[in-house]
Amino acid sequence: MNILVTGGAGFIGANFVYLELKEHPEDRIVCVDKLTYAGNLETLKKAMQCDNFRFVKADICDRKAMFDLFAEENFDIVVNFAAESHVDRSIENPEIFLQTNILGTQVLMDASKEYGVKRYHQVSTDEVYGDLPLNRPDLFFTETTPLKTSSPYSSSKAGADLLVNAYHRTYGLPTTISRCSNNYGPYQFPEKLIPLMIANALAEKPLPVYGEGVNVRDWLYVEDHCKAIDLIIRNGKVGEVYNIGGHNEMKNIDIVKIICKALGKSEDLIVHVTDRKGHDMRYAIDPAKIHAELGWLPETRFADGIQKTIKWYLDNKEWWERIVSGEYQNYYDNMYGDRIKDVEK
Ligand code: NAD
Ligand code: TDX
């Protein structure tokens, strides 16, 4: 099979490329990535050595480039990871989120329709369901929970999901959607909670926890997410949505304390900073459907996954130190300078 993976130079897409190359060496993987600030070709260095892997630098919003590529490659499956993915950036500048996440999805589905792709898979997020209250631990997101978004990011992902369902119903495009909880693991860009805290703790820099740090996220090791997508694209039912999550809810502050402990750093580095606007309180996925229909279960326990992740960041310092020392530093100063100053007032 010939599989298009968009956004494969990013965190989850790259982990998916490596899983596919390992588990399905008979398939061919073509990766399209625009190489935004979040895309890193360095991450795909080993994949580039495989004969059944091709990298194409292109924007999924570029209709001509996508149609030309689909005409040339005759894809069987499309897996769309490409997106602007950081909530804080979407609050500062929503436009690019609407462009890439919604219009880019439309271009890919138009090309999939035109060239008879057998499966179009949309990688979505649990954030499309909004949030749950902290005092109702009995509540979980199921596939039928109404979409109710909080940030421009989650709204753009929900918009794309609605469009995917429309393409299935109106044009008969064979689609599936997966909605996963928070991922962690190798190659995650250090703007996200876990790698940011690891990088800052190692540099003995302040650890900026938004608000009280009591917000809850449901963490899943990235490889488990990739395995779920692999099952869905091969065995999942067309037209369906699958939630993916590991029943591993944790408060942000507890994650940061675990990282301090693992690195032998003082919790005095923790600084409570101005909260994120519209900050979702709790995400919690009910993964019963994917378990019952496809037999998926998470394999990595958080206690092991976080140690593996910390070890990866220690062993691959050159990968993230280059990011932290470059253009990303401007982002960091813009995003956190005022937040930290606000709480010092
Ligand atoms: P990421 O930001 O690390 O990677 C995104 C990749 O997409 C980058 O390589 C970037 O260069 C590429 N890209 C961005 N715009 C593009 C465009 N217009 N054309 C082509 N490529 C483009 O993101 P991630 O964390 O790996 O997330 C991947 C997908 O999974 C996203 O769709 C995201 O919404 C979803 N998701 C992420 C999480 C999570 O915890 N990170 C959880 C659930 C779902
Ligand atoms: O410096 C920080 N301090 C802090 O307290 C950062 C970066 C985050 N946080 C908090 C905000 C959230 O409650 O930690 C939590 C996790 O934040 P992020 O890593 O930004 O992830 P989140 O907003 O939960 O969204 C993630 O999960 C769903 C991904 O970024 C999305 O792409 C995915 O769809």
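Biologist: Glu20 caught my eye. Is Glu20 buried or exposed?
Modeller: Glu20 is buried, with a relative accessible area of 1%. Keep in mind that this is a predicted model.

Biologist: Noted. Where does Glu20 lie?
Modeller: Glu20 is part of helix α1.

Biologist: And what does Glu20 touch?
Modeller: Leaving out residues up to four places away in sequence, Glu20 touches Ile3, Pro25, Ile29, Asp230 and Arg234.

Biologist: On to the inside. Which residues of the largest nonpolar core touch the most other members?
Modeller: Those are Leu44, Phe53, Val79 and Ile244. The core has 71 residues.

Biologist: Which element gives this core its largest share?
Modeller: Helix α1, residues 11–23, with 7 residues. Glu20 sits in that helix too.

Biologist: Pick Val79. What does Val79 touch?
Modeller: Ile3, Leu4, Val5, Thr6, Phe16, His121, Val123, Ile229 and Ile233. That leaves out residues up to four places away in sequence. Ile3 is also among the residues that Glu20 touches.

Biologist: What lies apart from that largest core?
Modeller: Another core, of 32 residues. Val32, Leu69, Tyr120 and Val164 are among them.

Biologist: Switching to the ligands. How many residues surround ligand 1?
Modeller: There are 28. Ile12, Asp33, Ser85, Tyr153 and Lys157 are the closest.

Biologist: What does Asp33 do there, in atoms?
Modeller: A polar atom of the Asp33 side chain is 2.5 Å from an oxygen atom of ligand 1. At Ile12, a polar backbone atom is 2.8 Å from an oxygen of the ligand. At Ile60, a polar backbone atom is 3.0 Å from a nitrogen of ligand 1.

Biologist: How much of ligand 1 does the protein bury?
Modeller: The protein buries 97% of the 840 Å² that ligand 1 exposes when taken alone.

Biologist: Which elements each supply at least two residues of the shell around ligand 1?
Modeller: α1, β5 (119–125) and α5 (152–171). β5 gives the most, with 3 residues.

Biologist: How do the residues of that shell divide?
Modeller: Around ligand 1 there are 13 nonpolar, 11 polar and 4 charged residues.

Biologist: Now ligand 2. Which residues come nearest?
Modeller: Glu127, Tyr153, Arg276, His279 and Tyr336, out of 22 around ligand 2. Tyr153 is one of the closest residues to ligand 1 as well.

Biologist: Nice link. How far is the polar side-chain atom of Arg276 from an oxygen of ligand 2?
Modeller: At Arg276 the distance is 2.6 Å. A polar side-chain atom of Thr125 is 2.7 Å from an oxygen atom of the ligand. For an N or O atom in the Tyr336 side chain, the distance to an oxygen of ligand 2 is 2.7 Å.

Biologist: How much of ligand 2 is buried by the protein?
Modeller: The figure is 94% of the 650 Å² that ligand 2 exposes when taken alone. Two or more residues of its shell come from α6 (193–202), and likewise from β8 (207–210). By class, the shell holds 10 nonpolar, 7 polar and 5 charged residues.

Biologist: Back to single residues. Where is Lys289?
Modeller: Lys289 is in helix α9, residues 288–294.

Biologist: Why does Lys289 count as buried?
Modeller: Because its relative accessibility is 19%, and buried means under 20%.

Biologist: What does the side chain of Lys289 join up with?
Modeller: The side chain of Glu240, through a polar contact of 2.6 Å. A polar atom of the Lys289 side chain is also 2.8 Å from the backbone oxygen of Val241. Beyond its neighbours within four places in sequence, Lys289 is in contact with Glu143, Glu240, Val241, Tyr242 and Leu294.

Biologist: And Ile102: how does it count by accessibility?
Modeller: Ile102 is partly exposed, at 22% relative accessibility. Its place is in helix α4, residues 95–114.

Biologist: How far apart are the C-alpha atoms of Ile102 and Ala158?
Modeller: They are separated by 8.8 Å, with the two positions 56 residues apart along the chain. Residues that Ile102 touches include Phe97, Ser156 and Leu163.

Biologist: Last topic, backbone angles. What is the phi of Tyr187?
Modeller: About 70°, so positive, although Tyr187 is not a glycine. Tyr187 is in the loop between β7 (183–184) and α6. Tyr187 is buried, at 18% relative accessible area.

Biologist: What about phi of Glu204?
Modeller: Phi of Glu204 is near 55°, again a positive value in a residue other than glycine. Glu204 is in the loop between α6 and β8.

Methods: Residues numbered from 1 in each chain as written. Chains lettered and ligands numbered in written order. Predicted model: local features only at pLDDT ≥ 70, side-chain atom pairs only at ≥ 80, totals over all residues. Heavy atoms only, no water. Core = buried A, V, L, I, M, F, W, Y, C linked by side-chain atoms within 4.5 Å. Buried < 20%, exposed > 50% of the residue type's maximum accessible area, 1.4 Å probe, protein only. Helix = DSSP H or I, 4+ residues; strand = E, 2+ residues; numbered from the N terminus. Contact = heavy atoms within 4.5 Å. Near = heavy atom within 4 Å. Polar contact = N/O pair within 3.5 Å; in protein donor to acceptor, adjacent residues only side chain to side chain. Areas by Shrake-Rupley, 256 points an atom, 1.4 Å probe, with all protein chains shown as cover. Nonpolar A, V, L, I, M, F, W, Y, C, P; charged D, E, K, R; others polar.
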